[in-house]
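Here are a few exercises to work through with the model open. Try each one yourself before you read the solution.

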Amino acid sequence: MIQPSQADVRRFFCGVYAKQRSGEPMEAIETLAGLWIDEHPEYHATLADVDAALAAMHDANPARENPFLHLSMHLSISEQCSIDQPRGIRQAVELLAARRGSLHEAHHEVMDCLGRMIWESQRAGRMPDGAAYVDCVQRRATAD
């Protein structure tokens, strides 16, 4: 399992944004990240300055959204769906996206479920419960 540092994540997303702007070729994962970056123009100024992004790691404000965490979650959900891991996540996300009429909006709801799974896992000191995560997404996809 790859566990990049916070600085690595920031460098990655800033690098993807720079490549997009300059028209440089990108690897598949960078192309996918670029699609999510395009969905969030409000982050473009932050992504345009890697030095400021790295310096801001020490000024974390819990009241302010972290664009790097947000984009990382989009990327994680996309990757989970591409390999259907945990099993059933692809169908659950597709159902939620169809119900919401937007994959982007569906991802934002899935992030709530993903965050809850991670928080509960850390709080209980156990492995993440993929089945509970998929169930959470399925409930949102089928709720009236």
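**Exercise 1.** Work out whether the end-to-end distance of helix H5 agrees or disagrees with its 17 residues.

*Solution.* Start with the expectation: at 1.5 Å a residue, the 17 residues of H5 should span 24 Å (1.5 Å times one less than the number of residues). Next, take the end C-alpha atoms, which are 25 Å apart, so the two agree. Helices here are DSSP runs of H or I with at least four residues, numbered from the N terminus. Keep in mind that this is a predicted model, where local features need pLDDT of at least 70, side-chain atom pairs count only at pLDDT 80 or more, and totals for chains, interfaces and linings use all residues. Residues are numbered from 1 along each chain as its sequence is written, and side-chain values use heavy atoms, with hydrogens and water left out.

**Exercise 2.** Decide how enclosed H5 is, and look at what sits at its two ends.

*Solution.* First, count burial (under 20% relative accessible area with a 1.4 Å probe, protein chains only; over 50% is exposed, in between is partly exposed). Of the 17 residues of H5, 12 are buried, so the helix is largely enclosed by the rest of the structure. Among them are Phe68, His70, Leu71, Leu75 and Ile77. Then check the N-terminal end: Asn66 caps it, with a side-chain oxygen 2.8 Å from the backbone nitrogen of Phe68. At the other end, H5 is followed by Asp84, which has a positive phi near 50 degrees.

**Exercise 3.** Pick out His70 in H5 and list what it touches.

*Solution.* His70 is buried, at 8% relative accessible area. Skip residues up to four places away in sequence, and its contacts (heavy atoms within 4.5 Å) are His40, Tyr43, Glu65, His108 and Met111.

**Exercise 4.** Find how H1 packs against H5: which angle, and which residues?

*Solution.* Begin with H1 itself, residues 6-22, which reaches 24 Å from its first C-alpha to its last. Its axis and that of H5 are 10 Å apart, at an angle of about 80 degrees (axes are lines fitted to C-alpha atoms over the stretch in contact, and angles run from 0 to 180 degrees between N-to-C directions). The two helices are therefore roughly perpendicular (65 to 115 degrees; under 35 is roughly parallel, over 145 roughly antiparallel, the rest oblique). H1 brings Val9, Arg10, Phe12, Phe13 and Cys14 to the contact, and H5 brings Phe68, Leu71, Ser72 and Leu75. By class, that contact has seven nonpolar, one polar and one charged residues (nonpolar: Ala, Val, Leu, Ile, Met, Phe, Trp, Tyr, Cys and Pro; charged: Asp, Glu, Lys and Arg; polar: the others, Gly among them).

**Exercise 5.** Now do the same for H5 and H6.

*Solution.* H6 covers residues 89-100, and its axis lies 7 Å from that of H5 at about 120 degrees. That makes the pair oblique. Ile77, Gln80, Cys81, Ser82 and Ile83 of H5 meet Ile89, Arg90 and Val93 of H6. The split is five nonpolar, two polar and one charged.

**Exercise 6.** Is Glu109 of helix H7 buried or exposed, and which side chain does it pair with?

*Solution.* Glu109 is buried, with a relative accessible area of 16%. Its side chain makes a polar contact of 2.3 Å with that of Arg100 (N or O atoms within 3.5 Å; within protein, one must be able to donate a hydrogen and the other to accept it, and residues adjacent in sequence count only if both atoms are side-chain atoms). Leaving aside neighbours within four places in sequence, Glu109 is in contact with Leu96, Arg100 and Arg140.
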